[in-house]
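Welcome, and please take a moment to look over the sequence and the model before reading on. We will walk through a few places together.

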Amino acid sequence: MLADPADAPAAWRSRPQWRQSLAHGAPGIALLHIERAATGRGPWEPAHTWLAAAASVPITSGTDSYHYYGAPALLHALACAAQARPGSYQQALVRLDRTVADHAVRRCERAFARIDRGELPTLAEFDTIRGLAGIGAVLLHRAPDGEAIRQILTYLARLTEDIQHDRRTLPGWWTAASPSGEPNPRFPAGHANNGMAHGIAGPLALLALALRHGVEVEGQREAIRIILTWLELWRDDHAWPYWVTAAHLAGPDRKPLVPQRPSWCYGTAGVARAQQLAAIAIGDQHLRHRAENALATALLDPRALAATTDMSACHGYAGLAHIAHRAAEDASPRNAARLGSATSLLLDTTHPPHTDPEEQAHLLVASAGPALLEGAAGTALALLAPATGTTPATRWDGCFLTA
């Protein structure tokens, strides 16, 4: 299944972005085969075939590229391949390293200028999918001593500075648009996004992971604490709202309605993992326990799980299992046991007893497509480590900022 691009549905391969999209194309599927090869569960040839498909067209760079598309996407996939096969793809990696780093510095320069003008950011300026947090995830592992990652961390620290807008004091990541990134009458004064995919949890995770890797810039620790304080302000027991609007800021109880799906992209799973990473990075054991407890509680709550309706890595059971497994590796013994129970429950949900995994895989490709973010490749990849009780052999999940 998914061994060759020719096996993928023709309708999917007809999309012009499929060769360069980490979320919806060849680089993401390559990650599955790279990880399988690295763990001895599959041959190398499918990984190389998908990487070759990704590199068979001119690679998009500059303003049209981001972590999930173009040069950063291919760099992430090739870097994982080089982990699995040291010494491979070196010429391509050197070129992509330079391209992505140079572009990151230029993006930071534009972001600094925007901050200096006192304007609000767009989600695509800072988030995991399209913004500097995502590009920073690639550079943190490829060039942790480079100037580009330091520029990104400095930018993210400045992003947490309050901003004055329409006679209000707002967090520096407040955006004038809706969660889609477009104007919407439901968000007349914009919003502050809390999610891991498009909100402030992504920058928090990168700031924390960098600190854990010994990469630190001025203001980084304070920025982590500012974001943590915001998340604790809006926390409701073991859940967080997807976003906060101006109406919520003005409301008497300051608590927006909390959506219940505890996914990676939005909700408790992604936010709690980011909070756990941050608490570990700054040595706050109380907050670490709170994050771990929130995650375990949400993933063992039948009402929360009932709101999860698919298998995907982005917002389905596979993504929850992967986060629970990763978080358990860093958790206190008690919370690690609870997260282990949650992982087992989620694995039983993805592969019910007496079902044929191969048949399930075919059904998943037919219904959800073959891709990483919402399709079969991502589901299989996210389930691999928890199902086998191992740690990923490559840094494939760096693109999710979960490790």
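**A walk through the model**

Let us begin with glutamine 20, which sits in the loop between α1 (10–13) and α2 (26–38). Please keep in mind that what you see is a predicted model. Is glutamine 20 buried or exposed? With a relative accessible area of 8%, glutamine 20 falls under the 20% cut-off, and so it counts as buried. Its surroundings, leaving aside neighbours within four places in sequence, are made up of Pro27, Ala54, Val57, Pro58, Ile59, Thr60, Tyr68, Tyr69, Gly70 and Ala73, with which glutamine 20 is in contact.

From that loop we can step into helix α2, where histidine 33 lies. Histidine 33 is buried as well, its relative accessible area being 6%. Try finding glutamate 45 from here: 12 residues separate it from histidine 33 in sequence, and the two C-alpha atoms are 8.5 Å apart in space.

Tyr68, one of the contacts of glutamine 20, also leads us to the nonpolar interior. The largest nonpolar core has 135 residues. Which residues have the most contacts inside this core? They are Tyr68, Ile152, Tyr155, Trp264 and Phe400. Helix α4 (residues 71–84) gives this core its largest share, 10 residues.

Tyrosine 155 deserves a closer look. Apart from neighbours within four places in sequence, tyrosine 155 is in contact with Cys108, Ala111, Phe112, Arg114, Ile115, Glu125, Phe126 and Leu132. Two of these names, Cys108 and Leu132, will come back in the next stop, where helices α5 and α7 meet.

Two packed helices are described by the angle between their axes and the distance between the axes. For helix α5 (residues 90–116) and helix α7 (residues 132–142), the angle is about 140° and the axes are 11 Å apart. Angles over 145 degrees would count as roughly antiparallel, so α5 and α7 are instead oblique to each other. The crossing of α5 past α7 is left-handed. On the α5 side, the contact is made by Leu93, Asp97, Val100, Ala101, His103, Ala104, Arg107, Cys108 and Ala111, and on the α7 side by Leu132, Ile135, Leu139 and Arg142. Sorted by class, the residues of this contact are 9 nonpolar, 1 polar and 3 charged.

A second helix pair is worth visiting. Helix α16 (residues 333–350) and α18 have axes that come within 10 Å and cross at roughly 125°. This angle makes α16 oblique to α18, and their crossing is left-handed. Thr343, Leu347 and Thr350 of α16 meet Leu383, Pro386 and Ala387 of α18. Here the classes are 4 nonpolar, 2 polar and no charged residues.

Our last stops concern the backbone. Most residues other than glycine have a negative phi, and most peptide bonds are trans. Where does leucine 401 lie? It is in the segment after α18 (376–388). Leucine 401 has a positive phi of about 55° although it is not a glycine. Its relative accessibility is 1%, so leucine 401 counts as buried.

Aspartate 237 also has a positive phi, near 60°, and is a residue other than glycine. You will find aspartate 237 in the loop between α10 (220–234) and β4 (243–245). Is aspartate 237 buried or exposed? Its relative accessibility is 57%, and therefore aspartate 237 counts as exposed.

How values were computed
Residues are numbered from 1 along each chain as its sequence is written. This is a predicted model: local features need pLDDT of at least 70, side-chain atom pairs count only at pLDDT 80 or more; totals for chains, interfaces and linings use all residues. Side-chain values use heavy atoms; hydrogens and water are left out. Axes are lines fitted to C-alpha atoms, for helices over the stretch in contact, and angles run from 0 to 180 degrees between N-to-C directions. Helices (H or I, at least four residues) and strands (E, at least two) are DSSP runs, numbered from the N terminus. Angles under 35 degrees count as roughly parallel, over 145 as roughly antiparallel, 65 to 115 as roughly perpendicular and the rest as oblique. A crossing is left-handed if the near helix is turned anticlockwise from the far one by less than a right angle, and right-handed if clockwise. Contact means heavy atoms within 4.5 Å. Ala, Val, Leu, Ile, Met, Phe, Trp, Tyr, Cys and Pro count as nonpolar, Asp, Glu, Lys and Arg as charged, and the others, Gly among them, as polar. A nonpolar core is a set of buried Ala, Val, Leu, Ile, Met, Phe, Trp, Tyr and Cys residues joined through side-chain atoms within 4.5 Å. Buried means under 20% relative accessible area, exposed over 50%, partly exposed in between (1.4 Å probe, protein chains only).
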